[in-house]
Amino acid sequence: MHYSGGKKDQIPPLRLLAWETTRRCNLDCRHCRAAASLGPYPGELTTDEGIKLLNDVASMGQAVIILTGGEPLLREDIFELAAHGHRVGHRMVMAVNGTLVTPEIARRLKEVGIQRVSISIDGATAASHDDLRGVPGAYEGALRGIAAFKEAGLPFQINTTITKNNLSELPAVYELAISLGAAAHHVFVLVPTGRGAEIADQLVSPEEYEETLRWMLARQKEGRLHLKPTCAPQYYRLWREDAHARGEKITPQTHGMEAMTKGCLGGQGFAFVSYKGDVQPCGYLEQTAGNIREQPFPEIWASSELFKQLRAVDDYHGKCHACQYRKVCGGCRARAFAMTGDALGEDPICPYEPMG
């Protein structure tokens, strides 16, 4: 990845795009960034608009396209959209809650070119998972969905959002992901936005956060399962510190990660398109860079003032401005905005004090 090094005029390539294909959802998750429900939500991008988005992104090069929601399987044309994205060269993946997945749906997803699916498991037991997901039976539904994906030969990953309530269960969920045969385990740290703002008191403390990141780093080094922290850019500071302490040279192969991976990719290699076409740095950062109904996505990616500001990491505020790891970590811009109102401010749960 070519990245900005703090300069506003350099445009990094788009690597990942998450498209909120619908905001409709059959669950009522307490931490949902979209506060999604069954809807309806007027103004969803049409099939033609979705195809244009996929074509416009393809004009920039191949990308990973995450079809997300809400629950994308509630969108009637989701197989058509997935197939088109695959045809134009994207790596198509999908985020589902698993409860609507049948063996037939799993087979169809594989047939249209979906390369991996993610299913969220937010607790090691049905009781804890269903409590966060807001619907009894969600845990068993997720496991049924996973069984269908395994039968279809479609790789899946487990996503987990950690809060104070379920933090102690993370090791057990990790072991569950291994036993289920997951391709990866992605661990999200709560960003208190959407319905998640209502459980802001469940955000882990800076001390719990650091301890959890160190646990994840140790598991990643064991190599049993690819473990990726999300909304947790400080992980990349710890990774650098650990490698330095061991006298290891940072290479693209170090711990199986890219040497130039930056913690927060919002606007720097990643973008989010909402169900109505708003372009955001990520789904958790409620600031709009433009709308694809008014301006093609490639133009927004290249010219948005918001994206330019996020790419200028040397201009961040607070201790992120002074931090020597700002180009490796960058802090969570969404958490900064959600909790302080300043998207360029310091990440409120970062415990690190910059040197100097």
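This passage walks through the fold of one protein chain, from its sheet and helices down to a few single residues.

The model described here is predicted. The protein chain holds twelve helices and ten strands. Of its 356 residues, 58% are buried. Contacts also reach across the sequence: among those between residues at least 6 apart in sequence, 71% join residues at least 24 apart.

A good place to begin is the sheet. Ten strands form an open sheet, and reading across it gives the order β7-β6-β5-β4-β3-β2-β1-β8-β9-β10, with mixed pairing. At the edges stand β7 (226–230) and β10 (290–291); each has a single partner strand, so one side of each is left without a neighbour in the sheet. At the β10 end, strand β9 (residues 278–280) runs antiparallel to β10, and two bridges join them. One residue pair can be picked out here: Asp-278 has Asn-291 of β10 as its bridge partner.

Elsewhere in the sheet, parallel pairs can be found. Strands β2 and β3 run parallel and are joined by four bridges. Across this pair, Ile-65 stands opposite Met-92 in β3. Five of the six residues of β3 are buried, so this strand is largely enclosed by the rest of the structure. Strands β5 and β6 also pair in the parallel sense, over six bridges, and here Ile-158 stands opposite His-185 in β6.

Strand β6 is worth a second look. Six of its six residues are buried, so to speak of β6 as mostly covered is fair. Its side chains can be sorted by direction: Ala-184, His-186 and Phe-188 point one way, while His-185, Val-187 and Val-189 point the other way, and all are buried.

Helices pack on this sheet. Helix α2 (residues 78–87) lies across four strands, namely β1 (16–20), β2 (64–68), β3 (91–96) and β4 (114–120), and runs at about 150° to β3. Helix α7 (residues 206–222) also packs on the sheet, where it touches β5 (156–162), β6 (184–189) and β7; the direction of α7 makes about 155° with that of β7.

Helix α2 can be followed in finer detail. Seven of its ten residues are buried, so α2 is largely enclosed by the rest of the structure. The buried residues are Ile-78, Phe-79, Leu-81, Ala-82, Ala-83, His-84 and Gly-85. What do they pack against? The buried residues of α2 meet strands β1, β2, β3 and β4, together with helices α1 (47–58) and α3 (103–111). After the helix comes Gly-89, whose phi is positive, near 105°.

One residue of α2 serves as a useful example. His-84 lies in this helix and has a relative accessible area of 12%; because buried means under 20%, His-84 counts as buried. Leaving aside residues up to four places away in sequence, His-84 touches Ile-51, Leu-54 and Asn-55. His-84 and Asn-55 are 29 residues apart in sequence, and their C-alpha atoms are 8.8 Å apart in space.

Some details of the backbone also deserve a mention. A cis peptide bond joins Gly-69 and Gly-70, with omega of about 25°. Gly-70 belongs to the loop between β2 and α2. Another loop, between β7 and α8 (235–245), contains Cys-231. Although Cys-231 is not a glycine, its phi is positive, at about 60°. Cys-231 has a relative accessibility of 15% and counts as buried.

Finally, attention turns to empty space inside the model. How many cavities of 30 Å³ or more does a search of the whole structure find? The search finds one. The largest cavity contains about 100 Å³ of space. It is lined by 13 residues, and the closest to its centre are Cys-320, Cys-323, Cys-329, Cys-350 and Tyr-352. Sorted by class, the lining has seven nonpolar, three polar and three charged residues.

Definitions and conventions
Residues are numbered from 1 along each chain as its sequence is written. This is a predicted model: local features need pLDDT of at least 70, side-chain atom pairs count only at pLDDT 80 or more; totals for chains, interfaces and linings use all residues. Side-chain values use heavy atoms; hydrogens and water are left out. On a 1 Å grid over the protein atoms alone, a cavity is a set of points where a 1.4 Å probe fits but cannot get out, and a pocket is an open set with protein on both sides within 12 Å along at least five of seven lines; lining residues have an atom within 4 Å of a point. Grid points are joined across faces, edges and corners, and a volume is the space filled by probe spheres set on the points. Ala, Val, Leu, Ile, Met, Phe, Trp, Tyr, Cys and Pro count as nonpolar, Asp, Glu, Lys and Arg as charged, and the others, Gly among them, as polar. Two strands pair if DSSP finds at least two bridges between them. Contact means heavy atoms within 4.5 Å. Axes are lines fitted to C-alpha atoms, for helices over the stretch in contact, and angles run from 0 to 180 degrees between N-to-C directions. Buried means under 20% relative accessible area, exposed over 50%, partly exposed in between (1.4 Å probe, protein chains only).
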